[in-house]
Amino acid sequence: MGDMIEFNDVTYSYRAEDYNALDHISLKFRRGEWTSVIGHNGSGKSTLVKLLMGVLEGYAGEIRIDGEVLTEENLQDIRRRFAIVFQNPDNQFVGATVEDDVAFGLENNGVERDEMVRKVEEALRAVNMLEFRTHEPSRLSGGQKQRVAIAGALAMEPDLLILDEATSMLDPQGRRDVLEILGQIHKDKMTTIIYITHDLAEIGVSDHAVVMKDGRVINEGTVEEIYQDTESLISSRLVLPFTISMADRLLEGCYMSYDELVERL
Ligand SMILES: Nc1ncnc2c1ncn2[C@@H]1O[C@H](COP(=O)(O)OP(=O)(O)OP(=O)(O)O)[C@@H](O)[C@H]1O
Ligand SMILES: [Mg+2]
């Protein structure tokens, strides 16, 4: 499985006189992999996705999709193959019922009725929301809303599923549910995933992780590699998961006796 998306020395600023929101970024996202992009507020995560989706233009450098340079001509086509779920579950509904909502994109694409019903059902089943098919989206919990939003994306059978802080407004249970469902989808369908978060505790499932700070990539690697480089995590102002920061602090010390260790703990 090769590179699906490639950023080659991409630089972008919102206004010409501004600092670079993305500063000479070179990055690859491999097909079939779950890549997490971690970074503090303002580190450039959403900007990265906006360039990829063609929402923002006028950057320096090059973006390639399956080896092809992203241009105005092929953008529409590429965009159809990518699906994105955003942070706020309340801003993503268009349908009066859950199933209408999930069907929306398919309807727009002129998918025939029987096929549409089948795809909607399959997508809702994948996120464990089939029993809510006739419910009103606005009455669901935050976590359920995000699962419906994910179903809407899945129904389109995207090559790439992007989640831009999709769990950040959810309670811990809602987060766990969404992550678990995404993990299952990734496993079953080998869907390529870009998972954006500022929560290091959420990257455990990823195949590859990228740490961003001030528009730059400051580290990337496997989850283990990222967790081991606590220095770059601290410098990027990310909150370390409890077990990692504990291990890190323990390693700093030297313990002559069991009592000393217990004392330190
Ligand atoms: N519409 C805009 N106009 C001007 N500057 C912007 C705009 N959107 C973002 N920026 C700036 O670009 C930089 C990168 O922002 P971006 O939204 O990509 O960060 P992010 O990592 O997604 O942050 P967050 O975690 O808050 O979502 C920040 O300094 C931000 O202030
Ligand atoms: Mg963002």
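How much area do domain 1 and domain 2 bury between them, and what share of it is on carbon and sulfur atoms? The figure is about 1,100 Å², with 61% on carbon and sulfur. His40, Leu200 and Tyr227 supply 43% of the area that domain 1 buries against domain 2, more than any other three residues. Before I go on, please keep in mind that this is a predicted model.

Let me give the layout. The domain assignment puts residues 3–228 of the protein chain in domain 1 and residues 229–264 in domain 2. Taken over C-alpha atoms, the centres of the two domains are 33 Å apart. In terms of contacts, 16 residues of domain 1 meet 12 residues of domain 2.

Now the polar side of that interface. Between domain 1 and domain 2 there are 0 salt bridges. There are, however, 6 residue pairs in polar contact across the interface, both residues at pLDDT 80 or more. On the domain 1 side, the elements that each supply at least two of the touching residues are β3 (34–39), β9 (208–213), β10 (216–221) and α7 (223–228). Helix α7 gives the largest share, 4 residues. By class, that side of domain 1 has 8 nonpolar, 5 polar and 3 charged residues.

Next, salt bridges elsewhere. The structure holds 22 salt bridges, and I will go through three of them.

The first is Asp23 with Arg216, where the closest N and O atoms are 2.7 Å apart. Asp23 is in strand β2 (residues 22–30) and Arg216 is in strand β10, so this pair ties together parts that lie 193 residues apart in sequence. Are the two partners buried or exposed? Asp23 counts as buried because its relative accessibility is 14%, and buried here means under 20%. Arg216, with a relative accessible area of 44%, is partly exposed.

The second is Arg31 with Asp66, with the closest N and O atoms 2.9 Å apart. This pair links distant parts of the chain, 35 residues apart: Arg31 is in the loop between β2 and β3, and Asp66 is in the loop between β4 (60–65) and β5 (68–69). Arg31 is partly exposed at 29% relative accessible area, and Asp66 is partly exposed at 37%.

The third is Asp159 with Arg81, with the closest N and O atoms 3.1 Å apart. Asp159 sits in the loop between α5 and β7 (160–164) and Arg81 in the loop between α2 (72–80) and β6 (82–85), so the pair ties together parts that are 78 residues apart in sequence. Asp159 has 27% relative accessibility and counts as partly exposed. Arg81 is partly exposed too, with a relative accessible area of 25%.

There is also a network: Asp3, Lys28, Arg30 and Glu33 are joined by salt bridges that share partners.

Last, helix α3, residues 98–108. Which of its residues are buried? They are Val98, Asp101, Val102, Ala103, Gly105 and Leu106. Among the elements that cover these buried residues are α4 (113–126) and α5 (142–155). Just after α3 comes Gly110, which takes a positive phi of about 70 degrees.

To recap the interface: about 1,100 Å² is buried between the two domains, with 6 residue pairs in polar contact and 0 salt bridges.

Terms used. Residues are numbered from 1 along each chain as its sequence is written. Chains are lettered from A and ligands numbered from 1 in the order in which they are written. This is a predicted model: local features need pLDDT of at least 70, side-chain atom pairs count only at pLDDT 80 or more; totals for chains, interfaces and linings use all residues. Side-chain values use heavy atoms; hydrogens and water are left out. Domain bounds come from an automatic or database domain assignment. Contact means heavy atoms within 4.5 Å. Buried area is the accessible area (1.4 Å probe) that two parts lose on being put together, summed over both. A salt bridge is a side-chain nitrogen of Lys or Arg within 4 Å of a carboxyl oxygen of Asp or Glu. A polar contact is a pair of N or O atoms within 3.5 Å; within protein, one must be able to donate a hydrogen and the other to accept it, and residues adjacent in sequence count only if both atoms are side-chain atoms. Ala, Val, Leu, Ile, Met, Phe, Trp, Tyr, Cys and Pro count as nonpolar, Asp, Glu, Lys and Arg as charged, and the others, Gly among them, as polar. Buried means under 20% relative accessible area, exposed over 50%, partly exposed in between (1.4 Å probe, protein chains only).
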